Each structure stands twice: as C-alpha cells, then as structure tokens.
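Work through the exercises below with the model open. Each task is followed by a stepwise solution.

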Amino acid sequence: MPKTLIEPFRIKSIEPIRMTTRAEREELLVAAKLNVFKLRAEDVLIDWLTDSGTGAMSSRQWAAIMEGDESYAGARSFFRLETGIQGITGMKFFVPTHQGRAAEKVLFTAVCKEGQLVPNNCHFDTTRANLEYLGVEAVDLVIPEGLQPATIHPFKGNIDLDRVAQVLATDAARIPFGMITVTNNTGGGQPVSMANLRAYAALLKRHGKALIMDACRFSENAMFIKMREPGYENTPIADIVHEMFSYADGCTMSAKKDGMVNIGGFIALRSEEWMDAVRNLLILTEGFPTYGGLAGRDLEAMAIGLEEGMHEDYLRYRLRTAEYLGERFEAAGIGFVKPTGGHAVYIDARTVLPAMPVAHYPAWALCNALYLEGGIRGVEIGSVMFGKRLADGTETYHKMELVRLAFPRRMYTQSHFDYAAEVIAEVKQRASSIRGVRLSKQSPYLRHFTCECEWVGA
Ligand code: F0G
C-alpha cells in the first residue's frame with residue numbers, strides 16, 4: 001500500500017488566492033500597524049488564523065442548503081437536525097444557537113449563580129468570560145503534562161482527577177456542574193481519553209453533579225481515542241462518539257468546528273428542567289427554539305456537517321495533516337507543542353527567535369515574519385495576548401510565546417503545508433534579521449485584536 005495519505009475529497013469549486021509580493025506585504029503589514037488581525041483577508045495567501053467557521057462545505061451541504069425550511073416555528077430543518085443530534089449525543093433535548101459562545105451564554109445564564117465555581121480541563125476564553133461575567137469562577141485543572149509543550153503524552157487534554165476530587169471535597173456546594181473541553185483548544189488541541197471522561201463523570205456523579213461537555217472538536221477527539229487508546233482500535237467513530245457523550249449530561253457546541261459549517265452551534269441536554277430554563281432565555285436573545293438565531297438552511301448544512309465530520313477517512317487525513325507539518329518542523333529544528341493537536345500546530349517562537357528578548361514580543365514578531373516572508377497568517381498566543389501593561393507602565397509577560405497555525409477544514413492541500421514549512425524554516429535561518437515590536441497603542445482588554453505596533457529600533 002502506498003504510504004501517502006491523500007485528501008479524501010476532490011475539489012469542485014475553488015476560490016483563487018491573490019498572490020502578493022514581499023514588498024506589497026511589507027506595505028500592507030505596516031498599514032495594518034504590524035497587527036495581522038487588521039489585514040484584509042484577501043491580502044493573505046494562507047489564512048491559518050482559526051479553524052472556526054472557515055472550512056469548506058461539501059456539495060451535499062450546499063445542496064441541502066436549497067432544502068432549508070425557513071418557517072419561523074417548527075421548520076422541517078429543525079426536526080432533521082434534532083434527529084441527527086439526538087442520534088450523535090443520545091441527549092433528548094436540543095436547541096440551535098448561532099455559535100458556541102451563544103450556547104455558553106444561554107446555558108450558563110440559565111443554570112449558574114454568582115459565587116459558584118466550574119472546573120474544566122481548560123476553559124476556552126469565551127467560556128471563561130461567559131462564566132466570569134456571571135460572577136462564576138472558572139477553574140482550569142488540566143493534568144501537569146498538559147502545560148508542558150515538549151512533553152509527549154497521548155492525552156494531554158485529560159483533567160487532573162486528584163485536583164477535581166480536592167475541589168469537590170472543599171467546594172462541592174459551589175459547583176453547578178463540571179465541564180470538559182474536547183479537544184483542549186487552550187492547551188494545544190490535545191485530546192481527552194475515554195478513561196478520563198468516564199472517571200471524571202463518575203466522580204462528579206458521586207457528588208450529584210452533572211458533566212457538561214464543550215464539544216467543539218468531539219470528532220477529532222474521538223479519532224485520537226481510536227488511534228491512541230487501547231481497546232478502541234477497531235471501534236467505529238460513531239460508537240466512540242456515542243460513548244463519549246454517554247458520560248455527559250449536556251453539551252455546548254460550536255458547529256463552526258467539527259460541525260463543518262461557517263456558522264452555527266447548539267445546546268443539548270438530558271434534563272428537561274434545564275432545557276425549559278434554556279428555552280426561555282433563548283427566545284429572549286437568540287430566537288424561537290426551533291431556529292435559535294440561524295436560518296433553516298444553516299440547520300440543514302449543520303445536520304450533514306456533523307455527520308461528515310465523523311467520517312474516518314476524513315479524520316485520519318485531518319489529524320495526519322497537523323502531524324505532517326509537525327514532522328517538517330522537527331526536521332527544521334523548530335519547536336512546537338507536542339504531540340501535534342487535532343486542528344492546529346502551536347509553534348514555540350522561542351526556538352525560532354532564541355535571541356529575541358520577551359519585551360520585543362517574539363511570538364508576535366514571528367507572526368509578522370510569517371506574513372511578511374510567506375503571506376501566512378497565524379495567531380500569537382503569547383505576551384501580547386496574555387501580558388498586561390500595569391498602571392505604573394511596566395509590563396507582565398506570558399510564560400509561553402506560541403504562534404498557533406489553525407487549519408480550516410477541507411480547504412488547504414499538502415502543497416500549502418509544504419510551502420508553509422519552507423517559509424518557517426527560512427524565517428528561522430534568518431532569525432537575526434527578524435525585528436521585534438513595541439506596542440504603540442493598546443486597549444485594556446483583549447488588546448491583541450486591536451493593538452498597534454512599531455518595529456523595535458525604528
Ligand atoms: N469552545 C472552544 C473550545 C472553542 O475553541 C471556541 C472557539 C468556542 C468554545 C466558542 O465558539 O467561536 O463559535 O463562539 N474557538 C475559536 C478559535 C474562535 O479560534 O479557537 P464560537
């Protein structure tokens with residue numbers, strides 16, 4: 001058998017990439033104040049800013065869009081999606097939402113109270129923000145390996161059960177439910193094992209607590225279980241997914257990830273009481289419970305996308321893509337979070353720009369260099385995103401300087417990945433000429449989205 005794993009699809013409709021020269025990109029980057037968030041997408045050759053809502057839909061999804069039932073209440077498209085989600089999750093109650101954070105906002109508002117505490121492996125930033133907005137403490141309890149970029153572990157997304165037990169022993173009264181994020185995006189797209197899910201759910205249950213899954217990348221997590229967890233080698237993905245959800249009492253979902261759609265999300269629950277509270281709030285902010293802020297056609301595309309996202313050939317290719325880029329990085333001496341995750345590769349910028357002081361924001365500088373040299377857009381996860389300027393003018397810095405390259409689904413081919421590997425290796429070769437930045441304008445919150453920068457020494 002040939003070893004090359006091919007993209008398990010043919011391209012039927014294409015979107016041209018607008019080629020730019022380095023000189024053009026330098027001008028564009030300076031005009032964007034050295035912040036890739038401010039670039040126009042058409043000025044980017046390979047856009048790996050996020051895997052969220054950016055993938056390609058299949059011909060079946062596009063065909064289903066024509067079948068969308070746009071009735072306000074009781075649309076056929078709702079019932080089709082409901083049947084699909086009940087089949088996948090085994091949960092009886094479901095409402096659509098326009099995306100993941102809307103699902104979080106509605107569920108948390110319906111179920112949580114000020115002063116409570118929610119444990120999770122790692123909360124994604126919108127999950128944390130939606131809890132904290134309600135005065136609920138969001139506690140990250142991922143296993144220690146999950147915080148060490150170079151440590152190899154098959155399930156670095158696992159939650160630390162000892163620490164969960166401690167929190168339950170001291171704070172059970174404050175806990176409305178436990179959460180688990182599959183895969184763990186904040187921790188490098190790392191999976192959670194079935195054994196960990198099972199044990200976590202059992203622990204919560206002993207204290208009478210529900211488990212809510214942040215299910216954004218449930219299919220990718222299921223494929224990791226198939227490939228890495230003994231006993232699941234021959235289990236069909238649908239069965240693995242079913243078992244994963246069997247341990248949860250509910251889930252929030254951004255279908256912009258493994259739902260393979262450009263917009264959409266949902267909440268699924270086993271408890272009718274919680275769903276009643278959710279529906280009442282949903283009507284207030286998202287829409288009637290049979291459309292939840294989406295069009296009927298979006299519900300159709302999601303029903304098919306959820307199913308296509310579980311196809312094993314697709315998932316094998318998907319995870320292999322990230323692993324392949326990791327192998328190219330390894331060969332070029334570029335450090336990254338290991339093993340590679342499902343949806344992204346996280347470069348350790350310090351291994352590319354070892355001499356750059358943290359005060360010059362090496363991960364941000366690398367992000368800019370990738371755009372400048374190759375038109376590639378990634379996202380900095382470092383001291384611009386997580387550091388702060390304090391009132392006295394001093395700066396705090398993040399413990400890691402990472403650049404996340406997140407891959408839209410079914411969109412880029414192997415040559416795009418080869419090209420990116422070459423660009424990054426070249427940037428490393430010329431590390432001494434890569435310039436750092438200083439922030440010339442910033443906002444007090446989420447400054448990475450809007451900050452303006454200047455080259456150091458300019
Ligand atoms: N939970 C996780 C684990 C996520 O990765 C995201 C989004 C959300 C919730 C929120 O979903 O965007 O549909 O509202 N992650 C994107 C990213 C934005 O780039 O990682 P949303």
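**Exercise 1. Backbone outliers**

Task: Place Pro339 and describe its peptide bond.

Solution. Pro339 sits in the loop between H12 and strand S9 (344–348). Helices (H or I, at least four residues) and strands (E, at least two) are DSSP runs, numbered from the N terminus. The bond from Lys338 to Pro339 is cis, and omega is near -15 degrees.

This is a predicted model: local features need pLDDT of at least 70, side-chain atom pairs count only at pLDDT 80 or more, and totals for chains, interfaces and linings use all residues. Numbering starts from 1 along each chain as its sequence is written, and side-chain values use heavy atoms, with hydrogens and water left out.

Next, go to Val182 and Thr183. A cis peptide bond joins them, with omega about -20 degrees. Thr183 belongs to the loop between strand S5 (177–181) and helix H7 (194–206).

Last, check Lys33. Its phi is positive, about 55 degrees, although Lys33 is not a glycine. The loop between helix H1 (22–31) and strand S1 (46–47) holds Lys33. Most residues other than glycine have a negative phi, and most peptide bonds are trans.

**Exercise 2. The ligand shell**

Task: Which residues come nearest the ligand, and which polar contacts can be listed?

Solution. Start with the shell, where a residue counts if one of its heavy atoms lies within 4 Å of the ligand. It has 17 residues; Thr50, Arg101, Asp214, Ser254 and Lys257 come nearest. By class they divide into 2 nonpolar, 8 polar and 7 charged. Here Ala, Val, Leu, Ile, Met, Phe, Trp, Tyr, Cys and Pro are nonpolar, Asp, Glu, Lys and Arg are charged, and the others, Gly among them, are polar. Helix H4 (residues 100–111) gives the largest share, 3 residues.

Now list polar contacts (pairs of N or O atoms within 3.5 Å). A side-chain N or O atom of Ser254 is 2.6 Å from a ligand oxygen. A polar backbone atom of Gly100 is 2.9 Å from an oxygen atom of the ligand. A polar side-chain atom of Lys257 is 3.0 Å from a ligand nitrogen. The protein covers 93% of the 470 Å² of accessible area (Shrake-Rupley method, 1.4 Å probe) that the ligand has on its own.

**Exercise 3. The second largest pocket**

Task: Where does the second largest pocket lie relative to domain 1 and domain 2?

Solution. A pocket is an open set of points on a 1 Å grid over the protein atoms alone, with protein on both sides within 12 Å along at least five of seven lines; lining residues have an atom within 4 Å of a point. The volume, the space filled by probe spheres set on the points, is about 1200 Å³. The lining has 36 residues, with Ser13, Glu15, Ala56, Arg410 and Met411 nearest the centre. Domain 1 (22–51 + 311–455) and domain 2 (59–308) both contribute to this lining, so the pocket lies between them. The bounds come from an automatic or database domain assignment.

**Exercise 4. Cavities**

Task: How many cavities of 30 Å³ or more are there, and which residues line the largest?

Solution. In a cavity a 1.4 Å probe fits but cannot get out. The count is 2. The largest cavity holds about 50 Å³. Its lining includes Tyr317, Phe407, Arg410 and Phe417. H12 gives the most to that lining, 3 residues. The second largest cavity holds about 30 Å³. Among its lining residues are Asp51, Lys257 and Arg409.

Technical notes:
Polar contact = N/O pair within 3.5 Å; in protein donor to acceptor, adjacent residues only side chain to side chain.
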